[in-house]
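Here are some short exercises, each with a worked solution. Have the sequence and the model open as you go.

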Amino acid sequence: MANDIRICDKCKHMKVKSALSKINAIAPDADVKVACKSYCGPCSRFAFIFINGRYVTAATEDEAIEKVKKYVK
């Protein structure tokens, strides 16, 4: 089963191009969707990634991607 990964294109703490390349490196089969997740409160304070039904937050993009690794199927 492919991973369902979603990131927000409005997030101030992540750069979509770099995040996509890093996510594709750890989960090449992932179905990554880029769009607003209506998670604006936490999104304004943290980098976040939605993966397989979970919101993962961290102070930086790299920290969020590191945390996501344990949820990759």
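**Exercise 1.** How much area does the chain expose, and what share of it do carbon and sulfur atoms supply?

*Solution.* This is a predicted model, where local features need pLDDT of at least 70, side-chain atom pairs count only at pLDDT 80 or more, and totals for chains, interfaces and linings use all residues. Residues are numbered from 1 along each chain as its sequence is written, and side-chain values use heavy atoms, leaving out hydrogens and water. With the Shrake-Rupley method and a 1.4 Å probe, the chain exposes about 4,300 Å². Carbon and sulfur atoms supply 54% of that area.

**Exercise 2.** Work out the order of the elements along the chain.

*Solution.* Take helices as DSSP runs of H or I with at least four residues, and strands as runs of E with at least two, numbered from the N terminus. That gives three helices and four strands. From the N terminus, the order reads β-α-β-α-β-β-α.

**Exercise 3.** Describe how S3 and S4 pair.

*Solution.* Strands pair if DSSP finds at least two bridges between them. Strand S3 (residues 47-51) and strand S4 (residues 54-58) run antiparallel, joined by five bridges. Ala 47, for instance, has Ala 58 in S4 as its bridge partner.

**Exercise 4.** Find what the side chain of Asn 52 reaches.

*Solution.* Start with its place: Asn 52 lies in the loop between S3 and S4. This hairpin has two residues between the strands, and Asn 52 takes a positive phi near 45°. Next, look for polar contacts (N or O atoms within 3.5 Å; within protein, one must be able to donate a hydrogen and the other to accept it, and residues adjacent in sequence count only if both atoms are side-chain atoms). The Asn 52 side chain makes one with the side chain of Asn 3 at 3.0 Å, and reaches the backbone oxygen of Tyr 71 at 3.1 Å.
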